[in-house]
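Hi,

Here is the structure I said I'd pass along. Have a look at it first, and my notes on the salt bridges and the surface follow below.

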Amino acid sequence: MNSEQLLDFALDKVDDMKARDVVKLDVRDVSSVTDYLVICSGNSKRHVQSIAEHVAKEARHAGEEPLGQEGQDVGEWVLVDLGDVVVHVMQDQTRDLYDLEKLWG
């Protein structure tokens, strides 16, 4: 998948799991690490973990092995690195604290 297809894929997968407040950021002009960030919220630790796991699992099924996944054990902020797209799934308090939309937007 190209980066735009991967972005659409990630957005679809977080939507499957009823993620809230989904934001996509194009960071191609400010980052050499990734093209897009997807930031979304879950209602609880378990919801955050489930959203991230679903994205990673479905990516594998689509032939896109995640480069990494961090924070799954804690569930406050789980990051799924798909290469051209990095998905951040957070609980509200953590999302408010780090305010990635302001940092990268």
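Let's start at Asp26, which counts as partly exposed because its relative accessibility is 43%. Keep in mind that this is a predicted model.

What does Asp26 pair with? Its partner is Arg28, in a salt bridge whose closest N and O atoms are 2.4 Å apart. Arg28 also has a second contact: its side chain meets that of Glu4 in a salt bridge, 3.3 Å from N to O. Arg28 sits in the loop between strand 1 (20-26) and strand 2 (36-41) while Glu4 is in helix 1 (residues 3-16), so this pair ties together parts that are 24 residues apart in sequence. Arg28 is partly exposed at 40% relative accessibility, and Glu4 falls in the partly exposed class too, at 35%.

Put those two bridges side by side and you get one network of Glu4, Asp26 and Arg28, joined through shared partners.

There's another pair worth a click: Lys13 and Asp12 form a salt bridge, with 3.4 Å between the closest N and O atoms. Is Lys13 buried or exposed? Lys13 is buried, with a relative accessible area of 13%, so it comes in under the 20% cut-off. Asp12, on the other hand, is partly exposed at 38%. The full count comes to eight salt bridges.

Last, the nonpolar side of things. Val30, Leu103 and Trp104 make up a nonpolar patch on the surface, together offering about 320 Å² of accessible area. Leu103 belongs to helix 4 (residues 100-104) and is exposed, with a relative accessible area of 61%.

Cheers

Terms used
Residues numbered from 1 in each chain as written. Predicted model: local features only at pLDDT ≥ 70, side-chain atom pairs only at ≥ 80, totals over all residues. Heavy atoms only, no water. Patch = residues over 30% accessible without salt bridge, like charges linked within 9 Å, V, L, I, M, F, W, Y side chains within 5 Å. Areas by Shrake-Rupley, 256 points an atom, 1.4 Å probe, with all protein chains shown as cover. Salt bridge = Lys/Arg side-chain N within 4 Å of Asp/Glu carboxyl O. Helix = DSSP H or I, 4+ residues; strand = E, 2+ residues; numbered from the N terminus. Buried < 20%, exposed > 50% of the residue type's maximum accessible area, 1.4 Å probe, protein only.
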